[in-house]
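Colleague: Please take a close look at one part of this model, the open sheet. In what order do its strands lie, and how does the sheet sit within the chain as a whole?

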Amino acid sequence: MRAFLHHPVRWLWLALLAGGPGVAACASHHASGDATLVITKGGTYSGAYASTASGTACVRIATTEPVVLDGCALTGPGNLIEAGEGADLTVCNCRGRGLPPTTDKQAPGRFLDAYRPRRLVVEHNAFVQTSGIVVNRWSGTGAPGQTLAVRYNLVRDVDGRWRNNTGSTHCSFLLLNTVQHVPGIEIAYNEVVNAPGQSLVEDNINLYNSSGTAASPLRVHDNFVRGAYPFPAAAGQFTGSGLTTDGDAKTADGATAFVEADHNQFVATGNAAMNIAAGHDIYFHDNRAITAGYLPDGARFSAGYAGLGVFNFYKQPETVFFGHRVAHNTVGYVKWGGTDPAPDRQDLSPGACAPCADTKHLAGPIAWVTEENEWRTWQQKLRKAGVAVGPQLVSVSK
């Protein structure tokens, strides 16, 4: 347990904060109350903003002029940032901390809740104990630069639990809901770690009726995601994952489509690492999916099902669910009672991974140390690429 929760470098940024699948999962929940700061003119904004109620955002963007939030410190039980229709928003170098909800039957607020933006860049931020990022629909026209980038963020404990643990709301590190036919989308080099007992995330990345284009697929690459646990973590039933393509669209035009996910690491994600549950023309390749069968305290992790899966969850017709490729992925996924490729393993979903080819089955045993080795591999990748995640001392806004 100490190895997971107490890496000093991994958690140093938290000290800085102190000072400063389903339709329900896709709902944007803008606050109806006031915001601490309402931005009505374009420009660059910084500073510390806090709220004390679940119905009050820290910052609300209420202009279509370009806005940059750079170096902000945001704290509150509601949404930390809200952006309305037509927003052109860059969020960089910001630190956010979610606080316990002040309203029953409500989760901590989002780090960012955006409704129909036309341009959105979220990079080099750090946030903890929020219900993540949701982008609900899109208003861009496809003009140059009108795209979506979520990169280089440092994220801890995405949490959908209601106050007093009386229930929960499905939430994700990143949820794209009906963000359709947008070229140039990039989700890259994010570091997401959810600790058992301190978080409750559904799909860490959920692409719901969202799509790139045939010429410019929606790219999800080089992310490190560790942890998708039920609450309590030793429970046996769970539907969360590392990455899921989702959505109930009945036409190819409205479905999740033209997605390429590669060179990601999904660690300790039950009930799956990567799922194709909806859509068409989705390509998963050269990813690593590693889940040991134990929690940090030595208890069995019983919520796992399979590493990779391709299944038509919404029973979409063949004109909607087609064109999938899954290749060259490295998998070591423990499921107690599983059979593939060995006892107590289920690297591929039983009967639901027909397009999966050239899978490299990691040699066993898959244990806690195997998951820790993935963390070291991630750190080596960052150093080799010259990439730093989290807030930077020098502004990265453009």
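**The open sheet**

Modeller: This is a predicted model. Start with the whole chain, which holds three helices and 30 strands. Ten of the strands make up the open sheet, with the order S1-S3-S5-S8-S11-S14-S17-S20-S23-S26 and parallel pairing. The edges of this sheet are strand S1, residues 35–39, and strand S26, residues 306–310, and each of these pairs on one side only. From one strand to the next, the twist averages 10 degrees.

As general background, the strands of a sheet pair through backbone hydrogen bonds, and the pairing is either parallel or antiparallel. For one pair in detail, take strand S3, residues 57–61, and strand S5, residues 81–83, which run parallel and are joined by three bridges. Within this pair, Arg60 has Glu82 of S5 as its bridge partner.

Now the setting of the sheet. The chain has a radius of gyration of 20 Å, which agrees with the value near 21 Å for a compact globule because the chain has 398 residues. Along the principal axes, the C-alpha atoms of the chain fill a box of roughly 60 × 50 × 45 Å. Of the 398 residues, 59% count as buried. The chain exposes about 14800 Å², and carbon and sulfur atoms supply 55% of that area. As for charge, there are 31 positive and 32 negative side chains in the chain, and the centres of these two sets lie 4 Å apart.

Notes
Residues are numbered from 1 along each chain as its sequence is written. This is a predicted model: local features need pLDDT of at least 70, side-chain atom pairs count only at pLDDT 80 or more; totals for chains, interfaces and linings use all residues. Side-chain values use heavy atoms; hydrogens and water are left out. Two strands pair if DSSP finds at least two bridges between them. Helices (H or I, at least four residues) and strands (E, at least two) are DSSP runs, numbered from the N terminus. Axes are lines fitted to C-alpha atoms, for helices over the stretch in contact, and angles run from 0 to 180 degrees between N-to-C directions. The radius of gyration is taken over C-alpha atoms; the globule rule is 2.2 Å times the number of residues to the power 0.38. Buried means under 20% relative accessible area, exposed over 50%, partly exposed in between (1.4 Å probe, protein chains only). Accessible areas come from the Shrake-Rupley method with a 1.4 Å probe; for residues, only the protein chains shown count as cover. Lys and Arg count as positive and Asp and Glu as negative; His and the chain ends are not counted. The place of a charge is taken as NZ of Lys, CZ of Arg, CG of Asp or CD of Glu.
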